[in-house]
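Trainee: I am new to this one. Could we go through it together, term by term?
Mentor: Gladly; let us look at it first.

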Number of protein chains: 2
Amino acid sequence: MSQRVPTVRDVAVRAGVSVGTVSKALNNRGQLREETRARVVAAARDLGFRPNALAQSLQSGRTYTVAVITTDRFGRFGNPLMLGVEDALGADRVSVFLCDTRDDPIREHHHAQTLDERRVDGIIVAGRRKQTRPPLAVASGVPVVYVIAQSSDPSDFCVTTDDVGGGALAGRHLLAAGRTHIGHITGPERFADPRERAAGLQSVLDSAGLDLAGGQVFYGEWSEDWGRRAAEMLLHAAPDTDAIFCGSDQIARGVVETLRDRRLRVPGDIAVVGFDNWEPMAAGCRPPLTTVDPNLREVGRVAATRLLDMIAGTPVQGSTETVPAWLMLRESTGVRLVDPQS
Amino acid sequence: MSQRVPTVRDVAVRAGVSVGTVSKALNNRGQLREETRARVVAAARDLGFRPNALAQSLQSGRTYTVAVITTDRFGRFGNPLMLGVEDALGADRVSVFLCDTRDDPIREHHHAQTLDERRVDGIIVAGRRKQTRPPLAVASGVPVVYVIAQSSDPSDFCVTTDDVGGGALAGRHLLAAGRTHIGHITGPERFADPRERAAGLQSVLDSAGLDLAGGQVFYGEWSEDWGRRAAEMLLHAAPDTDAIFCGSDQIARGVVETLRDRRLRVPGDIAVVGFDNWEPMAAGCRPPLTTVDPNLREVGRVAATRLLDMIAGTPVQGSTETVPAWLMLRESTGVRLVDPQS
DNA sequence: GTGCGGCCAGAAAACCTATTCCGAAAGTTC
DNA sequence: GAACTTTCGGAATAGGTTTTCTGGCCGCAC
């Protein structure tokens, strides 16, 4: 019995008061003599009393827990996202359940059910790609915020990245750097994300009256190897290319390697912009990559903030909130000239 | 009121029985007529009844929740670890709270306190480096398993990676490939992880009567840039080097780049082994990297399994469990010859 | 035929831990 | 001594599980 964690009852006995009084004393509620309050507080301290959050939640109807359901296999995109979520939630003493569905609907349903039973205050559903997905099968009334992937129910709220804007950002940056023959190498055409990034770039080129170098977007895979191969293709099609915008930092790494093999200087001959700002990939590149940061941490922060609003009953306006991307400037676009003789 | 989630009482009314009977019916306990049981189940289904896990936990003393506290800023090492943890926990319907301390003791203490109040069944404390750390300040009686970083209290249990074994694995592999002038480039000497990996390699070289190429371990940073620079240094000190074992895949990438710049073939002239098996880094390398996989997913699985044992009251024997590493074979050590003329 | 033990199904009540509301006892004030 | 105020105890509550209790029915024995 010495192992048993103390309850209000134990504290009450030790302080010589009733349980109700203990509660009031510890929560600064009701009318109590200062001396009594102090005695209770001392007893609680002596016993190492910690109120049982389960009992409190049962009473109050709020658990101060939130769940993040990700389809990402705890992948790389989830990390900055989680950081942002905790930024927003930590201040409120809200704990977070992390669930990974591994892209399995059965697993997802199972998790949703468990979260229902645990009476979480709200749920964040994070996909790793922009796509429409069926709404989470969860008890009605539980606030849900979708991240990146959006629900097929238009009344559900979604926070997402601005890929069109990111593509435009890259395009404007390259134009400002004096480039006029800009090519684009990116991921699979069947995904919306790369298509949007390409559209952003295209709109900027259109405004400037320029055409895409190579005459087309080079859609392919999210791999360095595709970057290497596509760079060859692009340079073959358009030898006067002076800038390449890549749909990911991995692709950009491959592109840069091909350029190096061909004795083309980056950014001297060709400027390169990546996407993701995946630190180890982008900073480790030679030269380090200028890259579009999709601002995932901020996406997480916004999603969590809106979820807290919904939990508090504040109506969230609009059905989608887009978080602007920003550009991480490094050497691959000549922001800082490395050294004159190179 | 239509929004209120149904309780056992609602089910009881609908089925025309008492609440106790509902409980027994839904949990297959006690003696009930089959007809009654079916009636209750039907009523529960009709109402969409989900038992309140808080109430159940309050009663049973078990919450079926576990927390993972990481100092890693949700870093990359946490991902495979979490995957392993969920592998083991998922089967038991145990949910996991994820807490990140961001290396701040205040934050950690705050999280520990919250978890205490939530009455989690157990806690996994994951560090990103092998080091001794003060035990988590948590209520006595709550099982805690430390991962990678170990507690300064020797009675605490720790699951960790086998860095000595990993280093030896790399060494033996290179010897088996016929290499005899093996160098080693790795991270900071102040960390135990790189020192252990070096020790593992050294022991294999000793057994074979060989010396380390370059006469020393090249300790430095965990960056590609260090890999590039250190490779230069190593080749300068020992031009006959025919293999390099690197303390991380990032370092290996840098090393491979330098070798390529110097027109040295990998693995033809020099074989390279990395460490981490960080897929995008290792697979994207040209040639793809043979690398030591520290088996973090298994570490997570073992940690969670042992934690469940401790929660169940089974005594866990020993104070540290080491999970063996394994070798991911790719082309950088010549497992598969790319093509003859290269 | 009747009395009683035993069994079954399900109701009723206790319990888990903390909060809150109501009211009572004690002390004050006029 | 009536009317308040202050201070605190006790009970109700949240939503389940578990234990105890009760009423009806059956079977067996006298």
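Mentor: A polar contact is a pair of N or O atoms within 3.5 Å; within protein, one must be able to donate a hydrogen and the other to accept it, and residues adjacent in sequence count only if both atoms are side-chain atoms. This is a predicted model, where local features need pLDDT of at least 70, side-chain atom pairs count only at pLDDT 80 or more, and totals for chains, interfaces and linings use all residues. Residues are numbered from 1 along each chain as its sequence is written, chains are lettered from A and ligands numbered from 1 in the order in which they are written, and side-chain values use heavy atoms, with hydrogens and water left out.

Trainee: What makes A:Asn27 a polar contact partner of DNA strand C?
Mentor: One of its polar side-chain atoms lies 3.2 Å from a phosphate oxygen of the strand, and the limit is 3.5 Å, so the pair counts. For A:Ser23 the distance from a polar side-chain atom to a phosphate oxygen is 3.0 Å. A:Val8 uses a backbone N or O atom, 2.6 Å from a phosphate oxygen.

Trainee: Which element gives the largest share of the surface near DNA strand C?
Mentor: That is α2(A), with four residues; near means that a heavy atom of the residue lies within 4 Å.

Trainee: Why is B:Ser155 called exposed?
Mentor: Its relative accessibility is 61%, and exposed means over 50% (1.4 Å probe, protein chains only), so B:Ser155 qualifies. Its side chain also joins that of B:Asp153 in a polar contact of 2.8 Å.

Conventions: Buried < 20%, exposed > 50% of the residue type's maximum accessible area, 1.4 Å probe, protein only. Helix = DSSP H or I, 4+ residues; strand = E, 2+ residues; numbered from the N terminus.
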